[in-house]
Structures are given as C-alpha cells and as structure tokens.
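Work through the exercises below with the sequence and the structure open. Each task is followed by a solution in steps.

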Amino acid sequence: MDRKQFARFIKLLKEANERGEDVDAIIKAYEHENAYIYNDGVFKKIFASEENIALTTDLVNASLDLFGCDCISHPRIVNPFVPGETGKSSVEPDIMLVNEAAGSMERRKREGVLYFDLQTMTIVEVKKFLEHADAYAGDNSRLAQWLRAIDTLNREADFSEFSQDPVFRVLQNAVKMCNFSARYLMTVDMSDVDRAMEKYEAALEKSKEIAKGLLRDGVPLDIIVRNTNLPEKVILSL
C-alpha cells in the first residue's frame, strides 16, 4: 500500500471496530498486501524487531556508508519492539541501535585508531530521489538499492529485481499485513502524519484550483501568489 491507501485502511479498521465488526477478518482479507513501510508504527515493528536484526543492520550500514571491517556487525536494539506492546504515546519511539563488537573495538584501541572519530549523520530526501529516478539510475549504492526496494514494496510492484537478495527477501515477508495485528494497528496511532498530509494536500489542491481560476480571469501573478501562498513556479505550471 502507498501512504494514502494505508491511511484509508487504518480508518476502515477503526470504523469497523466501532461498529463491532470482526476486525481480524479484515486483516485476513488484506494479509497478502504490503503495509506502508514509511509509517512510524510499521517501521518500528519491522526494524526494531530482534528477529529482523539483520534488516536493521544492513539498512544502518547502508545509510552510514559503512563497508568491510567498518560495518556494524554485532548490534543490539536498545528499545526493541515487543509483540503486543501498544505504547503510551501517539508517536512510536525512535530506534536506538548500539554496536557491541567489543573485541574489534578493543583491537582498534590498541592500534591507536579511534573506533569512530566523527558522529555521522545521513539525510536522505526520499521523495526527491524517487521523483528524479532517471538521474539516479547509475547510483547502485546499497542505500539506493534500499530506497528502490522499499518504494517497490510500497507500490506493490514487481519485486523480482530484489528477490534474489536475502536481506530484501526478509523485508518482503516482514512488510506483509499478516504480520500486523488489528490491536496494534488500531491502538498505536499510526496515522497522525498521514492525516496531516491528507489535510495539507487537500488544502494545496484547493489553492491550485483557486489559482487556475484567477489565471483564467487574468489576475496578475503577484496577486495570485499573495492570495494562494503558492510559489510562482507552481502557479505557472498549472
């Protein structure tokens, strides 16, 4: 499912529960579909699970561009997902991963080499990466592979390109709706961001419609910008 489809599914589930219907039957009907991976609750259940530690390790190494002996190899999830746990807040906590390769760390210290001399931060603008896929066609980095694999699963598209990779095969199975209980999906508020994005997109579309009308009426561009808060580039593209 993409973000909008997943948000609609959560809404369907909650409404059915309020009517006293069998929500487990709804999950069963969708069990072979994919959950939306970028949702906080979905991401936490997949990547903060001890059974999926290989997934999390591979993604972190890809994000930090770590290879060979520099890779995180003996990680431990500090705040793992607990089956049945619903959390106490509306936002799932961040995942904290620590590397416990103590032997490797001590060896590096004896050699006089810092284990990590800098804190690394990686910022990935996923939307831009996907919107300009042609420009990144030659990027075969592990992180680029991850972004493409996640996007393919979110779109329910042909995954054969990634199915030979053992890590991505695990991801393909972990994202299936059959792995998510109705209780978890309903109790953990998984749609705050989704609802906010829907409201934003609805308001954006309304502004665009207003701008189109003003353009047809010959209203000057600066006045349209002032009344719709849309960038000139967006207005001119309508």
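## Exercise 1: Overall layout

The protein has 12 helices and two strands. The model is a predicted one.

Task: State the order in which helices and strands follow one another along the sequence.

Solution. Reading along the sequence gives the pattern α-α-α-α-β-β-α-α-α-α-α-α-α-α. As for burial, 35% of the 238 residues are buried. The protein exposes about 14,700 Å², and carbon and sulfur atoms supply 53% of that area. Among contacts with a separation of 6 or more, 61% join residues 24 or more positions apart.

## Exercise 2: Confidence

Task: Find which element has the lowest mean pLDDT and which has the highest.

Solution. Begin with the average, a pLDDT of 81 for the protein, with 77% of the residues scoring at least 70. Next, go through the elements: helix α5 (residues 102-110) has the lowest mean, 43, and α8 has the highest, 96. Then look for stretches with a pLDDT below 50. One is residues 87-92, which has nine contacts in the model beyond near neighbours in sequence. Another is residues 102-118, with 10 such contacts. Where pLDDT is low, the predicted coordinates should not be read in detail.

## Exercise 3: The largest nonpolar core

Task: Identify which residues have the most contacts inside the largest nonpolar core, and which elements give two or more residues to this core.

Solution. The largest nonpolar core has 39 residues. Those with the most contacts inside it are Phe-6, Phe-9, Leu-13, Ile-46, Trp-146, Leu-171 and Leu-185. The elements that give two or more residues to this core are α1 (3-18), α2 (23-29), α3 (40-47), α4 (53-63), α7 (142-154), α8 (166-174) and α9 (182-187). For a view of one contributor, take α4: its buried residues include Leu-55, Leu-59 and Ala-62, and also Thr-56, Thr-57, Asp-58 and Asn-61.

## Exercise 4: Aromatic pairs

Task: Classify the ring pair Tyr-36 and Tyr-38, then the ring pair Trp-146 and Phe-168.

Solution. The count of aromatic pairs comes to eight. For Tyr-36 and Tyr-38, the ring centres are 6.0 Å apart and the planes are at 80°, so this pair is edge-to-face. Tyr-36 is buried, at 14% relative accessibility, whereas Tyr-38 is partly exposed, at 29%.

For Trp-146 and Phe-168, the centres are 5.1 Å apart and the planes are at 80°, so this pair too is edge-to-face. The pair links distant parts of the chain, with Trp-146 in helix α7 and Phe-168 in helix α8, 22 residues apart. Trp-146 and Phe-168 are both buried. They belong to one aromatic cluster with Phe-43, Phe-47, Phe-159 and Phe-162.

A ring can also carry a charge over its face: Lys-45 lies over the face of Phe-180, at 5.0 Å from the ring centre.

## Exercise 5: Two residues in one loop

Task: Work out what Glu-31 and Tyr-38 are in contact with, leaving aside neighbours within four places in sequence.

Solution. Place the residues: Glu-31 lies in the loop between α2 and α3, and Tyr-38 is in the loop between α2 and α3 as well. Glu-31 is in contact with Lys-176, Met-177 and Cys-178. The relative accessibility of Glu-31 is 18%, and the cut-off for buried is under 20%, so Glu-31 counts as buried. Tyr-38 is in contact with Val-126, Leu-147, Ile-150 and Asn-154. The C-alpha atoms of Tyr-38 and Ile-150 are separated by 8.5 Å, although these residues are 112 apart along the chain.

## Exercise 6: Positive phi

Task: Locate Asp-65 and Glu-156, and decide whether each is buried, partly exposed or exposed.

Solution. Most residues other than glycine have a negative phi. Asp-65, which follows α4, has a positive phi near 60°. Asp-65 is found in the loop between α4 and β1 (75-77). With a relative accessible area of 52%, Asp-65 is exposed.

Glu-156 has a positive phi near 55°. Glu-156 is found in the loop between α7 and α8. At 36% relative accessibility, Glu-156 counts as partly exposed.

Note on methods
Residues are numbered from 1 along each chain as its sequence is written. This is a predicted model: local features need pLDDT of at least 70, side-chain atom pairs count only at pLDDT 80 or more; totals for chains, interfaces and linings use all residues. Side-chain values use heavy atoms; hydrogens and water are left out. A nonpolar core is a set of buried Ala, Val, Leu, Ile, Met, Phe, Trp, Tyr and Cys residues joined through side-chain atoms within 4.5 Å. Buried means under 20% relative accessible area, exposed over 50%, partly exposed in between (1.4 Å probe, protein chains only). Helices (H or I, at least four residues) and strands (E, at least two) are DSSP runs, numbered from the N terminus. Contact means heavy atoms within 4.5 Å. Accessible areas come from the Shrake-Rupley method with a 1.4 Å probe; for residues, only the protein chains shown count as cover. pLDDT is the predictor's confidence in each residue, from 0 to 100. Rings of Phe, Tyr and Trp (its six-membered ring) pair if their centres lie within 6.5 Å; planes under 30 degrees apart count as stacked, over 60 as edge-to-face and the rest as tilted. A charge sits over a ring if NZ of Lys or CZ of Arg is within 6 Å of the ring centre and within 35 degrees of the ring normal.
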